[in-house]
Amino acid sequence: MLLVAQKGSVSGYITDSLNVPVSYATVAVFDLRDSSIVNFGLSDDGGGFELKSLPPGIPLRLLVSHVLYHPSVKNFRLDSAENKKLDTLMVSAKDNQLTETVITWEAPPIVVRNDTIEFNADAFIGRPGSAVEELLKRIPGVEIGEDGQITYNGRNVSKITIDSKQFFGDDPVILMKNIPAKAIQKVQITEEKDERGRATETGDVSINLTLKHWAKKSHFGKAYAGYGTDQRYESGVMWNFLRDTLQISLVGYGNNLSQSGFSYSELYRMGGYNRSGVNYISFSDNSMSINGASFGGGKGITESGGGGFNLNYDIPRKWSVSTSYFLGLSRTSYEQVRNSQRNFGDTILSTGTINTEFANNNSHSFNAKFRWTPDTINMFTWRPNLAINGGKEDNELQNNNSYSYLASQTLIGNQLDNTINGIDAGSNFNWDMSLKKWEYEVFSEQIYKDESGLGVNRIRIESFTDTATYSESNYQERELESKGMVFNNYAVIRYKVNDSLSFRFSPSINHTNAFKRVMVYEQDSTLSEDVLLPGLSTRFQEKRSSYSAKFSLSKRVGKSRFYAGMSVHHADLELDNELSQSSVDRIFSYPELNLSYTRRSPTSYMDIDYSYSMELPNSTQLIDLVDNSDPNSIRTGNPCLNPEKYHELSTWARMGNSAGTHSLQWNARASVTRNGIINENFFDESGRSVTRPVNLAPHELKTYIGTGFNFTFSKESSKKWKHTPGLHVWGNMSQSWQYLNFSSYPFVSYNLSPGISYGIIKKDYFDARVSYRPSFSNSQTLGLSGPIINRYVSLSAELWWAPFEKYWIEAKGTHTRQTSSNPGVDPREFTLVNVAFTRLILKDNRGQLRLSVFDLLNQNRAISQYATGNYVETSISNAVTRYVMLSFVYNYNSFQKKGRQQRGFSFW
């Protein structure tokens with residue numbers, strides 16, 4: 001047993017027919033039973049080689065290859081954990097004789113060309129029908145994690161390209177599962193390079209796959225449709241076409257499940273929505289939007305749909321063009337009941353809120369990227385974008401305020417109807433020039449926004465006391481017009497002294513010119529004319545100019561890198577409200593500093609960073625505008641605000657092993673903020689509040705300390721069962737202040753969130769995962785309330801089981817419990833369970849017939865609880881509840897492999 005567990009080695013020398021040593025020849029050892037490669041290496045200057053970690057007791061083949069010589073093959077076997085010395089291996093030089101000759105040999109499996117290691121794919125292909133994922137796993141040094149993360153000899157693989165071109169997104173998961181190994185000619189591994197082909201300093205590597213000639217045209221994607229109880233439905237299609245330099249993606253969906261039609265990872269990986277550039281992404285209430293285009297989901301009950309395309313075309317050598325367009329539509333019905341309590345020491349303000357909202361929205365989004373690379377020195381990029389949004393929202397809000405020490409009650413009703421249309425357009429231009437020592441970059445961005453709206457605000461206020469009743473009714477019309485232009489420009493000049501030292505200088509200029517008009521009218525006593533309310537109206541002009549210059553140096557010493565950067569900033573801000581004749585004219589000048597230390601190795605990474613920065617108040621905070629859209633909570637500005645001064649020290653570290661079986665990540669952050677900007681609140685006896693931003697006093701600091709770690713481990717047994725336990729802990733403490741009714745109170749908070757997880761997996765047969773995540777928080781506003789302790793526990797489990805070749809069962813469950821020491825918060829506990837049964841049908845298992853049950857126990861409610869300091873809140877809103885759905889999924893792929901598929905389309 002000891003001999004079987006140990007490994008042997010083989011060594012020898014390589015010469016040509018003249019007995020001259022052959023250096024830099026590729027030497028590889030294969031397992032003759034399945035042709036898989038065991039180990040490989042290169043011969044040294046004297047023609048010698050030695051390959052270790054060879055298994056004894058099995059037939060092996062040694063293959064010698066060189067670009068100038070014919071291959072040489074020798075079969076052998078190690079009887080024990082020995083060092084076997086072979087006789088000198090002789091290779092013969094290739095000639096160019098014109099006589100007709102038929103020569104057959106095995107293709108060299110590995111070739112080293114400068115900084116690139118090139119693997120011949122045919123030498124590593126396993127079983128027939130295998131995909132790229134299986135091919136990469138057979139490449140020596142390549143490891144693929146359960147999350148799709150790829151490493152080579154412990155180093156992160158940053159990207160995978162096809163014929164040196166980006167394939168439907170940077171994330172390689174969709175590539176690995178949709179292209180067959182037999183379509184790949186070569187696997188090339190090299191140091192990570194940027195878009196100009198220049199080596200980066202990240203320490204990562206990249207993989208390029210070259211396609212065989214017949215495989216340069218393909219298509220793949222999926223389509224799904226389902227209908228269920230309560231008239232629930234969903235449908236979607238994603239189709240991709242690849243033809244050498246042309247890539248096209250089509251996406252469409254529709255559902256009334258308050259869910260996105262596709263996940264962000266699917267749109268990013270398969271839909272190609274990163275090719276033309278992702279400027280901003282928004283996630284809220286199960287909804288998602290990319291560059292202003294909504295992809296469905298939302299609060300309450302939301303019905304959404306849309307469609308669009310992506311196109312990417314690489315013109316040989318010089319040009320590349322990427323474009324995308326998407327139309328999104330949504331209709332939302334939202335109902336919320338919220339109860340809150342605010343503690344003022346011996347007094348409690350209780351507020352009950354009922355919110356009803358109906359909204360219809362539509363959005364159009366267009367993005368493009370044009371790149372021209374006329375030579376090896378210059379590169380020009382232009383990215384235009386356009387988003388058009390429109391919609392109508394009807395919102396009815398009712399508040400019931402009461403104090404514990406007053407025998408009074410205030411009812412505030414508000415109905416706000418808005419019709420809003422907006423346009424966001426912009427573009428940016430980038431010129432990059434790279435010389436031997438100098439690098440130059442110029443960036444220019446222009447943004448244009450135009451939003452208009454017309455709304456009606458109906459306000460009703462009724463106050464009841466023991467002695468009197470007071471009522472007020474107001475009918476307001478609101479006109480909104482908002483326009484703005486933003487210009488951002490910067491340049492970068494970088495001088496590379498040598499391979500380890502570089503200097504960088506970056507000046508920037510930014511201008512903003514914006515106009516906002518909000519006109520609020522009410523009817524006069526005769527109800528015949530509209531009268532302007534100047535206290536609630538504004539004709540607001542903003543002009544902002546900022547200038548900055550940043551100097552930095554970067555020094556690399558071995559595996560470490562030191563960075564130091566300093567910048568100076570100057571900003572001129574002019575705000576003018578014509579109606580109230582108020583203005584703000586401020587000048588801000590300040591420095592910023594950044595220092596960092598980085599150490600990187602193939603299996604570890606550590607970064608320590610210190611920064612000093614300042615955060616300027618925005619225009620909305622500075623100008624003294626009154627907004628009574630919600631009459632229960634009115635907001636104003638403060639023209640006397642000063643910038644926040646922010647110090648932060650942070651560190652992040654990662655450790656693992658070359659096999660990728662375990663990983664430890666740790667991070668910590670500490671910060672101190674002076675002149676912190678917080679909201680000051682004043683509550684009157686009716687329960688209504690007025691909020692405005694203020695700076696904390698010089699002795700009042702905002703502090704934060706947080707740290708955490710995450711450990712994962714993976715172990716595979718002899719029967720192909722993989723176990724993946726994990727542990728994580730996160731904790732933080734913070735201190736700030738609250739300003740209430742012209743008094744300040746310190747606020748402290750502590751949080752702790754440990755968690756454990758475990759998974760057991762057998763590929764194509766069984767996958768079960770469970771996690772337990774408790775969390776604890778303690779917060780208190782000193783002088784107003786006692787400590788509030790919150791406890792939150794989440795237990796989740798996920799199962800995928802394929803007991804038969806064409807059947808699988810899926811189940812997901814989450815149990816949640818939340819309790820609080822505050823008597824105003826009731827315990828919250830519910831369990832969500834989703835189950836599904838899937839049958840593979842059609843040729844090559846391309847079809848899936850699926851019966852699923854969402855919310856099996858019918859406990860889904862949008863329930864949330866929030867308790868901190870002197871404030872607690874509980875809210876319940878409508879949500880999609882239990883339904884049964886029958887769905888059909890079709891996976892189409894011109895490279896479709898046979899056999900069982902690992903997983904189907906994710907509906908949850």
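This is a conversation between a trainee and a mentor about a predicted model of one protein.

Trainee: Let's begin with the whole protein. What makes up its secondary structure?

Mentor: There are five helices and 53 strands. The protein has 908 residues, and 44% of them count as buried.

Trainee: How do you know how much of the contact pattern links residues 24 or more positions apart?

Mentor: Take the contacts in the protein with a separation of 6 or more: residues 24 or more positions apart account for 63% of them. As for the outside, the protein exposes about 44,900 Å², with carbon and sulfur atoms supplying 55% of that area.

Trainee: What makes a group of residues a nonpolar core?

Mentor: The members must be buried residues of certain kinds, such as Val, Leu, Ile and Phe, joined through side-chain atoms within 4.5 Å. The largest such core here has 31 residues, and F119, L136, I184, V187, I189 and L209 touch the most other members. Among the elements that each supply at least two residues of this core are helix 2 (132–137), strand 15 (184–191) and strand 16 (205–211). Strand 16 provides the largest share, four residues. There is also a second, separate core of 19 residues, which includes V29, L78, L86 and V91.

Trainee: Now to the surface. Why is I756 called partly exposed?

Mentor: Partly exposed covers the range between under 20% and over 50% relative accessible area. I756 has 46% relative accessibility, so I756 counts as partly exposed. This residue is found in strand 45.

Trainee: Which nonpolar patch does I756 belong to?

Mentor: I756 is part of a surface patch whose members include W666, F711, Y758 and Y772, with about 990 Å² of accessible area for the whole patch together. Strand 38 (662–674), strand 41 (702–713), strand 45 (743–762) and strand 46 (766–781) are the elements that give two or more residues to the patch. Strand 41 gives the most, with three residues.

Trainee: How do you know that R517 and E481 form a salt bridge?

Mentor: The cut-off is a side-chain nitrogen of Lys or Arg within 4 Å of a carboxyl oxygen of Asp or Glu. For R517 and E481 the N to O distance is 3.1 Å, and their side chains meet in a salt bridge. R517 lies in strand 30 (residues 501–523) and E481 in strand 29 (residues 469–496), so the pair ties together parts that are 36 residues apart in sequence. E479, E481, K483 and R517 are linked in a network of salt bridges. The structure holds 18 salt bridges.

Trainee: Is E481 buried or exposed, or something in between?

Mentor: E481 is partly exposed, because its relative accessible area is 21% and buried means under 20%. Compare E542, which has a relative accessible area of 11% and is therefore buried. E542 forms a salt bridge with R544, and the closest N and O atoms are 3.6 Å apart.

Trainee: What makes R850 and E810 a link between distant parts of the chain?

Mentor: Their side chains meet in a salt bridge at 2.8 Å, N to O. R850 is in strand 50 (residues 847–854) and E810 in strand 48 (residues 807–820), 40 residues apart. R850 and E810 are both buried.

Trainee: Back to strand 29. How do you know that strand 29 and strand 30 pair?

Mentor: Pairing needs at least two bridges between the strands. Strand 29 and strand 30 have 19 bridges, in the antiparallel sense, and M485 stands opposite N513 in strand 30. A hairpin of four residues joins the two strands. Strand 28 (residues 438–464) also pairs with strand 29 in the antiparallel sense, over 27 bridges.

Trainee: Why is D346 called exposed?

Mentor: D346 has 70% relative accessibility, and exposed means over 50%, so D346 counts as exposed. D346 is found in the loop between strand 24 (319–343) and strand 25 (348–372).

Trainee: And what makes F742 worth pointing out?

Mentor: Most residues other than glycine have a negative phi. F742 is a residue other than glycine, yet its phi is positive, near 70°. F742 sits in the loop between strand 44 (726–740) and strand 45, and F742 counts as exposed because its relative accessibility is 67%. N675 is not a glycine either, and has a positive phi of about 55°.

Technical notes:
Residues are numbered from 1 along each chain as its sequence is written. This is a predicted model: local features need pLDDT of at least 70, side-chain atom pairs count only at pLDDT 80 or more; totals for chains, interfaces and linings use all residues. Side-chain values use heavy atoms; hydrogens and water are left out. Buried means under 20% relative accessible area, exposed over 50%, partly exposed in between (1.4 Å probe, protein chains only). Contact means heavy atoms within 4.5 Å. Accessible areas come from the Shrake-Rupley method with a 1.4 Å probe; for residues, only the protein chains shown count as cover. Patches are made of residues with over 30% relative accessible area and no salt bridge: like charges are joined within 9 Å, nonpolar side chains (Val, Leu, Ile, Met, Phe, Trp, Tyr) within 5 Å.
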